[in-house]
Amino acid sequence: MSQKTALITGASVGIGAEVARQLHALGYSLILMARREHKLNELNQELGGQHQIIACDVNDQGAIEAAVKDMQRVDVLINNAGLALGLSSAEQSDWAHWQTMIHTNCLALAFLTRQLLPNMVKRNQGHIINLGSVAGSYAYKGGNVYGATKAFVEQFSLGLRADLLGTAIKVTNLEPGLIGGTEFSNVRYEGDNDKASAMYENCQPLTAQDIANTISWLLTQPAHMNVNRMEIMPVCQAPAGLSVHKS
Ligand code: 8X3
């Protein structure tokens, strides 16, 4: 069987880099996409230097179009790039944060997917794995637009499967909860690393490796089986219910 190709966005660090390591070990040819070229280079060197790197912002539609134009085959698309910015109550939130989250988590993910889909359909082969979040299903204080973007990703994933019914192409929305050891909270708290570390104190969050293990598992299931959605939380987290404010 010929070597499969996987394109990973947000590949330079965290979940993306861990997925790259595991898919490299599974024998995939990789297209590593992220903004930080030096990080992509480091990762590629670690993996033997044989993979393609694309240093660009997923929000740069011109760069994405140019990069995708000559891609002969992408068997697996891991839409991992995304971010949360801020945890303020909606009425105090920064509008620029909301725009950036909607652009990156929704528009950029949809754009890249739209670019790659025709070839996947033509080849009748592919697996799109979108990184959703438990925040797309459960509201929490300050999650406002971040949660809404992840609800978009969930519904987009289900909609893709509906459109792709009759093809061999798989679509999975992978919905993790609290993950430690990545830049997620440092970005959310805009570099306030003390606040970011406090999120993971006295609990054992998921790791990037847990998510990469899950993605490797998803990619090694039989051709007839599609996992539509998969929600994963660490044992220390739960959808712990509704709240009532009493005056
Ligand atoms: C982030 C998951 O639980 O930190 O996607 O909101 S959580």
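Which residues are buried in helix 1? The points below take up that helix and then the ligand site. The model is predicted.

1. **Burial in helix 1.** Ile15, Gly16, Ala17, Glu18, Val19, Ala20, Gln22 and Leu23 are buried in helix 1. Glu18 and Gln22 are on that list, along with Ile15, Val19 and Leu23.

2. **Packing partners.** The buried residues of helix 1 pack against several elements. Among the strands are strand 1 (5-9), strand 2 (29-34) and strand 4 (76-79). The helices are helix 2 (37-46) and helix 8 (208-219).

3. **Length check.** Helix 1 covers residues 14-25, twelve residues in all. At 1.5 Å a residue it should span 16 Å. The expected span is 1.5 Å times one less than the number of residues, so this is the figure to test. The end C-alpha atoms of helix 1 are 17 Å apart, which agrees.

4. **After the helix.** Glycine 27 comes just after helix 1. Its phi is positive, at about 95 degrees.

5. **Ligand shell.** Ser133, Val134, Tyr140, Tyr146, Pro176, Gly177, Leu178, Phe184 and Gln237 surround the ligand. By class, six of the shell residues are nonpolar and three are polar. None is charged.

6. **Polar contacts and cover.** Two tyrosines and a glutamine each place a polar side-chain atom by a ligand oxygen. For tyrosine 140, the N or O atom is 2.6 Å from a ligand oxygen. For tyrosine 146, the distance is 2.5 Å. For glutamine 237, it is 2.9 Å. On its own, the ligand has 250 Å² of accessible area, and the protein covers 89% of that.

Technical notes. Residues are numbered from 1 along each chain as its sequence is written. This is a predicted model: local features need pLDDT of at least 70, side-chain atom pairs count only at pLDDT 80 or more; totals for chains, interfaces and linings use all residues. Side-chain values use heavy atoms; hydrogens and water are left out. A residue is near a molecule or strand if one of its heavy atoms lies within 4 Å of it. A polar contact is a pair of N or O atoms within 3.5 Å; within protein, one must be able to donate a hydrogen and the other to accept it, and residues adjacent in sequence count only if both atoms are side-chain atoms. Accessible areas come from the Shrake-Rupley method with a 1.4 Å probe; for residues, only the protein chains shown count as cover. Ala, Val, Leu, Ile, Met, Phe, Trp, Tyr, Cys and Pro count as nonpolar, Asp, Glu, Lys and Arg as charged, and the others, Gly among them, as polar. Helices (H or I, at least four residues) and strands (E, at least two) are DSSP runs, numbered from the N terminus. Buried means under 20% relative accessible area, exposed over 50%, partly exposed in between (1.4 Å probe, protein chains only). Contact means heavy atoms within 4.5 Å.
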